[in-house]
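Visitor: I have a model open and a few questions about how its helices pack. Can we go through them?

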Amino acid sequence: MKPGVLIFYRIMAYVTAVLLILLCAAMVLKYGHFLGLWPEGSATQQTGTTWVTTIGIAHGWLYMVYLLVAVVATTQLRVPMGRMLLVLLAGTIPFGAFFAERKVVRWHELRLAGKPIVQPQTAEETTAK
């Protein structure tokens with residue numbers, strides 16, 4: 001894989017993950033009145049509403065960029081389809097993109113070393129199924 005693709009993927013993974021965590025925090029501010037943390041209509045809730053909108057839009061657009069970059073990166077690494085889908089979905093789970101980023105970097109290192117990403121099954125594992 002080209003180094004620029006890996007660097008851009010890593011940046012987008014971190015940006016997507018941080019924005020999703022911030023979005024979750026903003027949602028607590030917006031909906032905290034249901035838990036009795038502050039009264040409905042308070043300045044805290046209004047701030048949360050504004051942040052949910054702003055961060056939500058930013059995360060949505062940047063998640064689309066993350067998807068494109070992740071598809072390019074995993075395609076260049078020749079990752080199996082199931083693992084590719086898990087990498088793509090990682091941007092929708094708080095902290096998920098951090099873990100996916102580490103896996104993609106590991107897969108890149110394995111490819112550079114000439115090793116397979118997925119370990120081939122042994123005859124014992126095949127007959128056990």
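Visitor: Is the crossing of α2 and α3 left-handed or right-handed?
Guide: The crossing of α2 and α3 is right-handed; that is, the near helix is turned clockwise from the far one by less than a right angle, whereas anticlockwise would be left-handed. This is a predicted model, where local features need pLDDT of at least 70, side-chain atom pairs count only at pLDDT 80 or more, and totals for chains, interfaces and linings use all residues. Residues are numbered from 1 along each chain as its sequence is written, and side-chain values use heavy atoms, with hydrogens and water left out.

Visitor: Which residues meet there?
Guide: From α2, Tyr63, Tyr66, Leu67, Ala70, Val71, Thr74 and Thr75 meet Met84, Val87, Leu88 and Leu89 of α3, contact being heavy atoms within 4.5 Å.

Visitor: What about α2 itself, which of its residues are buried?
Guide: Buried (under 20% relative accessible area, 1.4 Å probe, protein chains only) are Gln45, Gly48, Val52, Ile55, His59, Tyr63, Tyr66, Val69, Ala70, Ala73 and Thr74.

Visitor: And what do those pack against?
Guide: The buried residues of α2 pack against α1 (3-31), α3 (81-89) and α4 (96-112).

Visitor: What is just after α2?
Guide: Arg78, with a positive phi of about 55 degrees.

Visitor: Different spot: where is Val28 placed?
Guide: Val28 is in helix α1, helices being DSSP runs (H or I, at least four residues) numbered from the N terminus.

Visitor: How far is Val28 from Ile117?
Guide: They are 89 residues apart in sequence and 39 Å apart in space, C-alpha to C-alpha.

Note on methods: Buried < 20%, exposed > 50% of the residue type's maximum accessible area, 1.4 Å probe, protein only. Helix = DSSP H or I, 4+ residues; strand = E, 2+ residues; numbered from the N terminus.
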